Amino acid sequence: MTVTWTLGEILAKLRKDAGMDQATMAKHVGIARNTLSNYETDKNSPPFDVIVRWAAVTGASLDWLASVCTPRDLNPEPTD
């Protein structure tokens, strides 16, 4: 089975399933709301410490997060 969700889509789903808007989640994770939006729309990739805090706030396991990310999320194409 191929997983087609991006990391941003997963983070957005976790936030919504936790019943939080972007501003509330950003406050819990310790980032700006517009930064959070960029992560959820895959414009930027969050650093590992943000993923750890996101998982802690939503109750998601890091193992689960790693298992549902597409290879593109885990190994982005190098840029020149």
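Which residues in α2 meet which residues in α3? The model is predicted, and the tour starts at this contact.

**Stop 1: α2 and α3**

Select helix α2, residues 22-29, together with α3, residues 33-40. From α2, Gln22, Ala23, Met25 and Ala26 reach Arg33, Leu36, Ser37 and Glu40 in α3. Sorted by class, this contact holds four nonpolar, two polar and two charged residues. The axes of α2 and α3 are 8 Å apart and make an angle of about 100°. Angles from 65 to 115 degrees count as roughly perpendicular, so α2 is roughly perpendicular to α3.

**Stop 2: the buried side of α2**

Keep α2 and colour Gln22, Met25, Ala26 and Val29, its buried residues. These residues span an arc of only 100° around the axis, and therefore lie on the same side of α2. To see what covers them, add the neighbouring helices: the cover includes α1, α3 and α4. Gln22, Met25 and Ala26 also belong to the contact with α3.

**Stop 3: the buried side of α3**

Move to α3 and select Leu36, Ser37, Tyr39 and Glu40, which are its buried residues. Their arc around the axis is only 160°, so they too sit on the same side of their helix, α3. The buried residues of α3 pack against α1, α2 and α4. Among them, Leu36, Ser37 and Glu40 take part in the contact with α2.

**Stop 4: aspartate 42**

Continue past the end of α3 to aspartate 42, in the loop between α3 and α4. What is the sign of phi at aspartate 42? Phi is positive there, about 60°, although the residue is not a glycine. Is aspartate 42 buried or partly exposed? Its relative accessibility is 33%, so aspartate 42 counts as partly exposed.

**Stop 5: α1 and α4**

Beyond the loop, select α4, residues 48-58, and add α1, residues 7-17. Two packed helices are described by the angle between their axes and the distance between the axes. For α1 and α4, the angle is about 30° and the axes are 10 Å apart. An angle under 35 degrees counts as roughly parallel, so α1 and α4 are roughly parallel to each other. Their crossing is left-handed.

Now show the side chains of this contact. On α1, select Leu7, Leu11, Leu14 and Arg15; on α4, select Ile51, Trp54 and Thr58, which they meet. The contact of α1 with α4 has five nonpolar residues, one polar and one charged.

Conventions:
Residues are numbered from 1 along each chain as its sequence is written. This is a predicted model: local features need pLDDT of at least 70, side-chain atom pairs count only at pLDDT 80 or more; totals for chains, interfaces and linings use all residues. Side-chain values use heavy atoms; hydrogens and water are left out. Axes are lines fitted to C-alpha atoms, for helices over the stretch in contact, and angles run from 0 to 180 degrees between N-to-C directions. Helices (H or I, at least four residues) and strands (E, at least two) are DSSP runs, numbered from the N terminus. Angles under 35 degrees count as roughly parallel, over 145 as roughly antiparallel, 65 to 115 as roughly perpendicular and the rest as oblique. A crossing is left-handed if the near helix is turned anticlockwise from the far one by less than a right angle, and right-handed if clockwise. Contact means heavy atoms within 4.5 Å. Ala, Val, Leu, Ile, Met, Phe, Trp, Tyr, Cys and Pro count as nonpolar, Asp, Glu, Lys and Arg as charged, and the others, Gly among them, as polar. Buried means under 20% relative accessible area, exposed over 50%, partly exposed in between (1.4 Å probe, protein chains only). The arc is that of the directions from the helix axis to the C-beta atoms.
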